[in-house]
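Colleague: I am new to this structure and would be grateful for a close look at a single part of it. Please choose one strand and describe its surroundings in order.

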Amino acid sequence: MTTTHTAIKFASPGVQRTLIVVGCGRGGTSLVAGVAAILGVPMGAPHGSTNHEDVELVNLAQGRDLDGNPIGLSAEVHLEKLRSLIQARNRANDLWGWKDPSADMYLDAVSDVLRDPLVLFVNRDMAAIAQSEVNQMQGSIEQAYDMALQRFGRYWGLLQRLQWPTLLVSYERAVLDPEALLCEIADFVGLTPPTEEQRGVARRFAEDREYRTL
């Protein structure tokens, strides 16, 4: 199979494994998490979600409850709660995953409770990330660009240190050929090749790319 995306530190996945979708905010992680969900990977997102994010896990990692309100606990206590939630996800599924552009802030601290972690590191044109951030959140293009560069740098340093199998995903290539992304994620994670139905869902999901439900 001709590859569109690049696997580094590739290893044959085990039976029990965890898929982690990371990258910059506004950088295409929602698209990639949605494609993983099309393959049947439980990503923890509620029905009808447009950003395909495990709200409970991501909010807890940021010290917030399901409604986004601060929990008011110490960093140590909410980290233990996060670790317990990950262990509960482990017990519920041999394969599961989540998507969080801010995961660079806590992956190190939970690495020992993640089973056979596999990373989808989403990369997107930096100017597009910065412009999307400005469109959504205001601020300056310079500040948004600098923040994106810092996050990419943190992720790269973290992944180099952790040495987890990682698929470098190009957002632009994924939008142009979502079926290739579907097939390559399936191969990387150790899943059966996608069905024609899954391929069709992926094509429709990536059309005129906006935040959308599956």
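Modeller: The strand I have chosen is strand 4, which spans residues 117–123 and is mostly covered, with six of its seven residues buried. Please bear in mind throughout that this is a predicted model.

Let us begin with the neighbours of the strand. On one side, strand 4 pairs with strand 2, residues 17–23, in the parallel sense, and six bridges join the two. Within this pairing, leucine 19 has leucine 118 of strand 4 opposite to it. Strand 4 also pairs with strand 5, residues 166–170, again in the parallel sense, here over five bridges. Asparagine 123 has serine 170 of strand 5 standing opposite.

These pairings belong to a wider arrangement. The sheet is open and has five strands in the order 1-5-4-2-3, with mixed pairing. Its edges are formed by strand 1 (6–8) and strand 3 (95–99); each has a single partner strand, so one side of each is left without a neighbour in the sheet. On average, neighbouring strands of the sheet are turned by 20 degrees against each other, direction ignored. An antiparallel pairing is found between strand 1 and strand 5, over three bridges. There, threonine 6 has leucine 168 in strand 5 as its bridge partner.

We may now turn from the backbone pairing to the aromatic side chains. A search of the whole structure finds three aromatic pairs. One of them joins tryptophan 96 and tryptophan 98; this pair is stacked, at 5.4 Å centre to centre and with 20 degrees between the planes. Tryptophan 96 and tryptophan 98 are both buried.

Another pair brings us back to the chosen strand: phenylalanine 121 and tyrosine 155 form a tilted pair, with 5.8 Å centre to centre and 50 degrees between the planes. Because phenylalanine 121 lies in strand 4 and tyrosine 155 in helix 6 (residues 141–162), the pair ties together parts that are 34 residues apart in sequence. Where do these two residues stand with respect to the surface, buried or exposed? Phenylalanine 121 has a relative accessible area of 2%, and it therefore counts as buried, since the cut-off for that term is under 20%. Tyrosine 155 is likewise buried, with a relative accessible area of 1%. Phe121 and Tyr155 also belong to one aromatic cluster together with Phe152.

Between helix 6 and strand 5 there is a loop, and glutamine 163 lies in it. Glutamine 163 has a positive phi of about 60 degrees although it is not a glycine. With a relative accessibility of 44%, glutamine 163 counts as partly exposed.

The other partner of strand 4 may be followed in the same manner. After strand 2 comes a loop that leads to helix 1 (29–38), and arginine 26 has its place in this loop. For arginine 26, phi is positive at about 65 degrees, although the residue is not a glycine. Its relative accessibility is 21%, so arginine 26 counts as partly exposed.

To return to the starting point, strand 4 is paired with strand 2 and with strand 5, and its phenylalanine 121 makes the link to tyrosine 155 in helix 6.

Notes. Residues are numbered from 1 along each chain as its sequence is written. This is a predicted model: local features need pLDDT of at least 70, side-chain atom pairs count only at pLDDT 80 or more; totals for chains, interfaces and linings use all residues. Side-chain values use heavy atoms; hydrogens and water are left out. Buried means under 20% relative accessible area, exposed over 50%, partly exposed in between (1.4 Å probe, protein chains only). Helices (H or I, at least four residues) and strands (E, at least two) are DSSP runs, numbered from the N terminus. Two strands pair if DSSP finds at least two bridges between them. Rings of Phe, Tyr and Trp (its six-membered ring) pair if their centres lie within 6.5 Å; planes under 30 degrees apart count as stacked, over 60 as edge-to-face and the rest as tilted. Axes are lines fitted to C-alpha atoms, for helices over the stretch in contact, and angles run from 0 to 180 degrees between N-to-C directions.
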